[in-house]
2 protein chains.
Amino acid sequence: MQLPIHLEANGYPAASLLKKLRCRDTISVDEERIVEAMLEGQSVIDVRVDFIREGDRPVASTLLVEGYAARYRMVESGARQITAIHVPGDFVDFHSFLMKEMDHGVATLTPCRVARVPHATLKSISETQSHLMRMFNLMALIDGAIHREWLVCMGRLPAPAHAAHLFCEIYMLLQAVGLARDFAFSFPVTQDNLADMLGLSPVHVNRTLQELRRKDLIEWQGEVLRFPDWDRIAQFAEFDDTYLHLRNEPR
Amino acid sequence: MQLPIHLEANGYPAASLLKKLRCRDTISVDEERIVEAMLEGQSVIDVRVDFIREGDRPVASTLLVEGYAARYRMVESGARQITAIHVPGDFVDFHSFLMKEMDHGVATLTPCRVARVPHATLKSISETQSHLMRMFNLMALIDGAIHREWLVCMGRLPAPAHAAHLFCEIYMLLQAVGLARDFAFSFPVTQDNLADMLGLSPVHVNRTLQELRRKDLIEWQGEVLRFPDWDRIAQFAEFDDTYLHLRNEPR
DNA sequence: CGAACTGTTGATGATCGTCAACTGTAGTGG
DNA sequence: CCACTACAGTTGACGATCATCAACAGTTCG
């Protein structure tokens, strides 16, 4: 199974990351070259197993090029909670550059392609390119902002609004790297995985989706998820994309 | 109302931050001096109003010196979700250095004292002290790890375990800066605020606390929260402090 | 003394989880 | 071609967890 929408610049893993950086801040032509050099020549590999990360002392960070991945943790009852979903252009474990002990797992939700960036490269950038390093720092802060938004949704929104909010967020993230437009995107993820993202049971997710379909807030047959009316679902989900910081902001 | 436990080095805001940095990584004597210089001469102010942060374009970040503060967001129903709790030694809005638009509020949960660190100082450090900057970066990543842990608790733990987990986490954070020992700490926070942290109703928090007391997992009369048996509550809450990264780790 | 705040209790209902059965579809091997 | 299997999705029945509303108790403070 392959995702029906492919990266525009296939075989060129820097493209989506650069797009995100451009969305989020201004970067100079020189800095673009450094990011490209960081990724150029890195092998892009297909990942078919469930676990992207293995071993205790990683020497490289993983950039997602294609597919959906997720960070998760298990609890003793056997339940799984997904704490973040990754789309192309995301570092799935930038953490491992600074935090030596991993406290969670990373799994693919669909078949994925990834590129590996050696920690030595990141260290070199952090020492010579303070502006770029601040931008990586910014990406970590945005990760935190997304986590906070998930906490708000999980704690204070009913299940249908929570699910709708997640769909809106994923759409905006994909749009930023050119993988979604016209309020539709490929989302070949099972309801079981969705349940692990929302902190619900699979059965309740099913009924929640039925409610969203009944209210004409989503269409989701096959792999493509579509919003018939963006404004309506955004209001229903109380979705405000400020927290994603996808627009250029004045310094 | 003042917290019964005071900072050991009162009037010296760098102390608790330095302790945390020492817990999390090795810093040289030179770097210690830089952190001290960063905070030295900054006015330490009492905050009695509810809102620490105001205005859209902050020019300084706020370091919490004494008291409890929290980041939160409101939803349309009027409910509030607290997404992070801050203890002395935390930057409550390090974000504002890199993210110009704030997407959440910061409020005090008890009377607080804070120190303001100008963004110009942080920028200078980021350009000249790459190792220190990586450490601030690391603190942002740990913030993210704590958020992920909250998501797991919120999504997959029942209310009593969730509350117990939160108490364990706060105890470890306070212990790292010398504000807790012997499995007890000052926690003068209302059940209403606790409900906003756990994503529950105040009534249900009350009953949850009664259950924890009935099982002898906590004692909480007045301001002091005490654990009669650390191992038991840690197991009950499935608490593992790895995600806090409070120990020095081999590079 | 009364007002405001926090904590507590009871009654009731909504949301969500669990268990089990069933459907449709896509493979897989005889 | 047809069982057979595996898997995702769906439905119904039932129970557990949690929210809501209302009332009341204890404390602090003016």
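**DNA strand C and the interface of chains A and B**

A phosphate oxygen of DNA strand C is 2.8 Å from an N or O atom in the side chain of Gln210(B). The model is predicted, so local features need pLDDT of at least 70, side-chain atom pairs count only at pLDDT 80 or more, and totals for chains, interfaces and linings use all residues. Residues are numbered from 1 along each chain as its sequence is written, chains are lettered from A in the order in which they are written, and side-chain values use heavy atoms, with hydrogens and water left out.

**Around DNA strand C**

- The surface near the strand has 14 residues (near: a heavy atom within 4 Å).
- Among these, His204(A), Gln191(B), Asn206(B), Arg207(B) and Gln210(B) come nearest.
- By class, four are nonpolar, seven polar and three charged (nonpolar: Ala, Val, Leu, Ile, Met, Phe, Trp, Tyr, Cys and Pro; charged: Asp, Glu, Lys and Arg; polar: the others, Gly among them).
- Helix H8 (202-214) of chain A and helix H8 (202-214) of chain B each supply at least two residues of this surface (helices are DSSP runs of H or I, at least four residues; strands are runs of E, at least two; both are numbered from the N terminus).
- H8(B) gives the largest share, five residues.

**Sugar, phosphate and base**

- Sugar or phosphate accounts for 64% of the strand C atoms within 4 Å of the protein, and bases for the rest.
- Arg207(B) reaches a base: a side-chain N or O atom is 2.4 Å from a base nitrogen.
- Arg213(B) has a polar side-chain atom 3.4 Å from a phosphate oxygen of the strand.

**Where chain B meets chain A**

- 51 residues of chain B are in contact with 51 residues of chain A (contact: heavy atoms within 4.5 Å).
- The buried area is about 5,000 Å², and carbon and sulfur atoms give 61% of this area (buried area: the accessible area, with a 1.4 Å probe, that two parts lose on being put together, summed over both).
- Arg148(B), Leu151(B) and Arg156(B) lose the most area in chain B, together 16% of what that side buries.

**Links across the interface**

- The rule finds four salt bridges between the chains (a side-chain nitrogen of Lys or Arg within 4 Å of a carboxyl oxygen of Asp or Glu).
- Arg156(B) and Asp196(A) form a salt bridge, with 2.9 Å from N to O.
- H5(B) gives the most to the side of chain B that touches chain A, with 19 residues.
- That side divides into 20 nonpolar, 14 polar and 17 charged residues.

Note on methods: A polar contact is a pair of N or O atoms within 3.5 Å; within protein, one must be able to donate a hydrogen and the other to accept it, and residues adjacent in sequence count only if both atoms are side-chain atoms.
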